[in-house]
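This report describes how the parts of a protein model meet, first between two copies of a chain and then between two domains within one copy.

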There are 2 protein chains.
Amino acid sequence: MTDLAAVLRAHGRRLTPQRRRIVEALTHLGHATPDGVAAQVGADGGPSVPLSTIYRGLEALESLGVVSHTHLDHRAPTYHLTGHADHVHLVCRGCGTIDEVPASAATEFVARISASRGFTADVTHLAVHGWCAGCRP
Amino acid sequence: MTDLAAVLRAHGRRLTPQRRRIVEALTHLGHATPDGVAAQVGADGGPSVPLSTIYRGLEALESLGVVSHTHLDHRAPTYHLTGHADHVHLVCRGCGTIDEVPASAATEFVARISASRGFTADVTHLAVHGWCAGCRP
DNA sequence: TTGAATGCAAAAAATTTGCATATTG
DNA sequence: CAATATGCAAATTTTTTGCATTCAA
């Protein structure tokens, strides 16, 4: 991804092998917590990367819009590539299962808050909590 | 709220003064992190309550459906009374401002995922990230 | 009475930060 | 070269847990 290097360079940041591996890890995993990213990075054959570098790398990449994060469950920020397929997560409060639906399901909702508040919502990886068919109260 | 005592009792749990004060704190604050709840509880005139009790109390109340929580920002679970007015939070990634819109704005969205996945979404206090009018990219 | 809850204190997790050193551009 | 990142270790912050004691029902 020369593209990635370009994005970083454009902001005076640098593409280091660690950052490249973080992006590769996310490409491979889809979603992952900082800890999960570190594990995947450590499993890619190269030397392990300290968590502090993972955190700083994710922070840098997020500030440039390359990755973003959401909170799928209680205490766990999960990161993903911003370009990753748009979808909304349906998190069941009963069994904890996480289902996904295309982000397009929220189109009307997004348009509505844009019209009423001028707010541009990013429903990519939006986490919606509730109950799945089996746990429906 | 004798009602509260009843809910707890119905599950073999007890209504302690600490729990009552936690609920009062949330009633007063609307939303708050465990830390914020502790601060408010400590400011209500009574003796301070250790964080561990706050955590265990919120956990117990949440398991009974009295309170629920969401993640409005990066690392901070915010709790609120489940009966608290339904609204969706619009969290700006630019300036961090948090706006609110009635949960009814998501009616069509909720119906759609209910129809397609049988998922009963609870959009109360749903946190939608994006950019407010001023920070729109 | 009697099991659920509290209070402390200590243990775990999860993040962040300081700094000397290594690297990218 | 010069400024940005990394690695490590140490410091924070946040949340959880063990247990003797207290208290609600």
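Two residues are taken to be in contact when heavy atoms lie within 4.5 Å. The model is a predicted one. By that contact rule, 97% of the interface residues of chain A are interface residues in chain B as well, so the copies meet through the same surface.

**Relation of the copies**

Chain A is superposed on chain B by a rotation of 180° with 0.0 Å of shift along its axis, and the RMSD is 0.1 Å. This is the relation of a two-fold axis. The C-alpha of chain A nearest the axis belongs to Phe109(A), at 3.1 Å from it.

**The interface between chain A and chain B**

Contact between the chains involves 38 residues of chain A and 37 residues of chain B. The size of an interface is often given as the accessible area lost when the parts come together. Between chain A and chain B that area is about 3,100 Å², with carbon and sulfur atoms giving 60% of it. Three residues, Phe109(A), Arg117(A) and Phe119(A), supply 21% of what chain A buries against chain B, more than any other three residues. Phe109(A) thus appears twice in this account, as the residue whose C-alpha is nearest the axis in chain A and as one of the three residues just named.

Polar interactions also cross this interface. The rule finds 14 residue pairs in polar contact between the chains, both residues being at pLDDT 80 or more. Several elements of chain A give two or more residues to the side that touches chain B: β1, β2 (76-81), β3 (87-92), β4 (98-102), α5 (107-117), β5 (120-121) and β6 (127-131). The most comes from α5(A), with six residues. By residue class, this side of chain A divides into 20 nonpolar, eight polar and 10 charged.

Four salt bridges are counted between chain A and chain B, while a search of the whole structure finds eight over all chains. One pair that crosses between chains runs from Arg93(A), in the loop between β3 and β4 of chain A, to Asp122(B), in the loop between β5 (120-121) and β6 (127-131) of chain B. The closest N and O atoms of Arg93(A) and Asp122(B) are 2.2 Å apart.

**The interface between the domains of chain A**

Chain A is divided into domain 1 (2-82) and domain 2 (86-130). Five residues from domain 1 of chain A and nine residues from domain 2 of chain A make the contact. The C-alpha centres of these two domains of chain A lie 23 Å apart.

The polar count between the two domains of chain A is three residue pairs, both residues at pLDDT 80 or more. On the side of domain 1 of chain A that touches domain 2 of chain A, strand β1 (residues 67-73) gives the most, with three residues. The residues of that side of domain 1 divide into one nonpolar, four polar and no charged.

The table sets out the values for both interfaces.

| Interface | Buried area | Share from carbon and sulfur | Salt bridges |
|---|---|---|---|
| Chain A and chain B | about 3,100 Å² | 60% | four salt bridges |
| Domain 1 and domain 2 of chain A | about 580 Å² | 63% | zero salt bridges |

Terms used. Residues numbered from 1 in each chain as written. Chains lettered and ligands numbered in written order. Predicted model: local features only at pLDDT ≥ 70, side-chain atom pairs only at ≥ 80, totals over all residues. Heavy atoms only, no water. Domains from an automatic or database assignment. Buried area = accessible area lost by both parts, 1.4 Å probe. Salt bridge = Lys/Arg side-chain N within 4 Å of Asp/Glu carboxyl O. Polar contact = N/O pair within 3.5 Å; in protein donor to acceptor, adjacent residues only side chain to side chain. Helix = DSSP H or I, 4+ residues; strand = E, 2+ residues; numbered from the N terminus. Nonpolar A, V, L, I, M, F, W, Y, C, P; charged D, E, K, R; others polar. Least-squares fit on C-alpha atoms with pLDDT ≥ 70 in both.
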